[in-house]
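Here are some notes to read alongside the model. They are arranged by site, as numbered points.

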Amino acid sequence: MKKKNEGKKTEKKELNWINDAFAIDRVNNYSDDVTFFTLVVKSELGNIYINGCRVVSGSKGDFVSLPTREYDKGKYANVVFIALNEDVQDAIINAVSDMI
């Protein structure tokens, strides 16, 4: 059986590490109000990729929103939760905006 990647050269992309715990990967700017990205969290098990993170422009400024899922009509719950302090949140927003 022929492997799918046989004959294709794949390059390993360097992650954009913000600090020793968080990195940003795959930034997509869909509108002026929302930018999606993948947050990479370094752990003892290896890197954990959290898809569906967003930088959202709110009435009090930009903020990082982690993935949510609708569980009832109009009600949402976090899929994953990380308590990000203000400095880390600002660093993530700056890193994402630099990658747009």
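1. The coordinates come from a predicted model, and the points below should be read with that in mind. They cover a charged pair, a backbone angle, a strand hairpin and a threonine.

2. The structure holds 1 salt bridge. Its two members are Asp25 and Arg26, and their closest N and O atoms are 3.7 Å apart. Side chains of opposite charge can pair when their charged atoms come close.

3. Which strand holds Asp25? Asp25 belongs to strand β2, and strand β2 spans residues 22-29 and also includes Arg26.

4. Is Asp25 buried or exposed? Asp25 counts as buried because its relative accessibility is 5%, and the cut-off for buried is under 20%. Its surroundings can be listed: leaving out residues up to four places away in sequence, Asp25 touches Lys13, Leu15, Phe37, Thr38, Val40 and Tyr49.

5. Arg26 has a relative accessibility of 45%, so this residue is classed as partly exposed, the band between 20% and 50%. The salt bridge therefore joins a buried Asp25 to a partly exposed Arg26.

6. The backbone at Arg26 deserves a look when checking the model. Arg26 is not a glycine, yet its phi is positive, at about 50 degrees. Most residues other than glycine have a negative phi. Arg26 has this angle while lying in strand β2.

7. Turning to the hairpin, strand β4 (residues 46-58) and strand β5 (residues 61-65) run antiparallel and are joined by 5 bridges. How many residues lie between β4 and β5 in the hairpin? There are 2 residues between them. One of the bridge pairs is Gly58 with Gly61, the latter in β5. Tyr49, a contact of Asp25, falls within the residue range of β4.

8. Thr68 is located in strand β6, which covers residues 68-72. With a relative accessibility of 35%, Thr68 counts as partly exposed, because that value lies between the 20% and 50% cut-offs.

9. What does Thr68 contact beyond its neighbours within four places in sequence? The contacts of Thr68 are Arg54, Tyr76, Ala77, Asn78 and Val79. Of these, Arg54 falls within the residue range of β4. Thr68 and Val80 are 12 residues apart in sequence, and their C-alpha atoms are 7.6 Å apart in space.

How values were computed
Residues are numbered from 1 along each chain as its sequence is written. This is a predicted model: local features need pLDDT of at least 70, side-chain atom pairs count only at pLDDT 80 or more; totals for chains, interfaces and linings use all residues. Side-chain values use heavy atoms; hydrogens and water are left out. Helices (H or I, at least four residues) and strands (E, at least two) are DSSP runs, numbered from the N terminus. Buried means under 20% relative accessible area, exposed over 50%, partly exposed in between (1.4 Å probe, protein chains only). Contact means heavy atoms within 4.5 Å. Two strands pair if DSSP finds at least two bridges between them. A salt bridge is a side-chain nitrogen of Lys or Arg within 4 Å of a carboxyl oxygen of Asp or Glu.
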